[in-house]
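Please look over the sequence and the model below before reading on. The paragraphs that follow start from a single residue and work outward to the sheet, the helices and the cores.

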Amino acid sequence: MTYEAFAVLYDELMYDQPYDQWLEVTAPYLKGKHSILDLACGTGSFTTLLPKQLERVGVDLSEDMLTVAQTKDPSIQWLVQDMTALELDRTFDVITCFCDSLNYVTAEEELNVLFSRLYNHLEEDGVFLFDVHSVWKMTHLFNGQTYSDETDRVTYLWQTVPGEEEHSVYHDMSFFMLEEDGKYRRFDESHYQRTFEPEDYRTLLENNGFTVEKVFADFKPDEAVPHDAERIFYVARKKRER
């Protein structure tokens, strides 16, 4: 099963995601701005929290995800695109990519292309905000551990298996979904993610014309990054023509 197959259940499975905290991180960079692009927006739970006075655009690879997003707020422009091949023929004041979506870009060459495309989609002095899994998290929390959770309709088991590449992981998941006849149907899927050292992200951003203004962890922009941080945030600004 792919995420497309259970887009309607996605929000139920993501009930504990801190969308309000992502908004708090983003809010200081929205003052006086007019437009924002939210990449890998899924069903739009974060995108729909953005101030309505902004021109809001959400991009995701899944048409089914965006069908759900459309029901939440039809005033937002929802577009189906692969962010690594982004081509919107316009620019934005702010671009966001949260919920470790960038960890699905697993090759440095692809990251380099993506950052170049995002640079070209930003207004001069525009800001790009994103988060990724930390190297510590990949090493200690995604190192063969098993997790589980359940909602009223779905129970899932999640096994993490270290990948062959450095700082990478396979997420092997089994979902047991309650159907109308009272029986559970099982679906299985696997996702692959990879992260990089902070200096690697910084170098790629700077090589593409960005200035890295801030690096912080776990929704705490005013604190130093601890060694056991789980989620690393980057704030990069378009400051110069390449």
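**From one buried threonine to the cores**

Thr106 is buried, since its relative accessible area is 15%, and a residue counts as buried when that value is under 20%. In this predicted model, Thr106 is found in the loop between β4 and α4, the latter spanning residues 108-120. Leaving aside residues up to four places away in sequence, Thr106 touches Glu165, Tyr192, Gln193, Arg194 and Phe196.

The strand that precedes this loop, β4, belongs to an open sheet of 7 strands, arranged in the order β3-β2-β1-β4-β5-β11-β10 with mixed pairing. At its edges are β3 (77-80) and β10 (210-217), each of which pairs on one side only. On average, and with direction ignored, neighbouring strands of this sheet are turned by 15° against each other. Within the sheet, β1 (residues 35-39) and β4 (residues 92-97) run parallel and are joined by 3 bridges, and Asp38 stands opposite Thr96 in β4.

Helices lie across several of these strands. Helix α3, made of residues 63-72, lies across β2 (55-60) and β3 and runs at about 170° to β3, while helix α6, residues 198-207, lies across β5 (122-133), β10 and β11 (231-238) and runs at about 155° to β10.

Which residues of helix α2 are buried? In this helix, which spans residues 19-26, they are Tyr19, Trp22, Val25 and Thr26. Because these residues cover an arc of only 115° around the axis, they are on the same side of α2. The cover over the buried residues of α2 includes β1, β4, β5, β10 and β11.

In soluble globular proteins, nonpolar side chains tend to be buried together. Here the largest nonpolar core has 32 residues, and those with the most contacts inside it are Leu37, Leu39, Leu102, Phe115, Phe128 and Phe130. At least two residues of this core are supplied by each of β1, β2, β4, α4, β5, α6, β10 and β11, and the largest share, 5 residues, comes from α4. A second, separate core has 21 residues, including Tyr29, Ile36, Phe233 and Val235.

To follow the largest core at the level of one side chain, consider Leu39, one of the residues with the most contacts inside it. Not counting residues up to four places away in sequence, Leu39 touches Val59, Met83, Leu86, Ile95, Thr96, Cys97 and Leu118. Among these contacts is Thr96, the residue that Asp38 stands opposite in β4.

Terms used:
Residues numbered from 1 in each chain as written. Predicted model: local features only at pLDDT ≥ 70, side-chain atom pairs only at ≥ 80, totals over all residues. Heavy atoms only, no water. Pairing = 2+ DSSP bridges. Helix = DSSP H or I, 4+ residues; strand = E, 2+ residues; numbered from the N terminus. Axes fitted to C-alpha atoms, helices over the stretch in contact; angles between N-to-C directions. Contact = heavy atoms within 4.5 Å. Buried < 20%, exposed > 50% of the residue type's maximum accessible area, 1.4 Å probe, protein only. Arc of directions from axis to C-beta. Core = buried A, V, L, I, M, F, W, Y, C linked by side-chain atoms within 4.5 Å.
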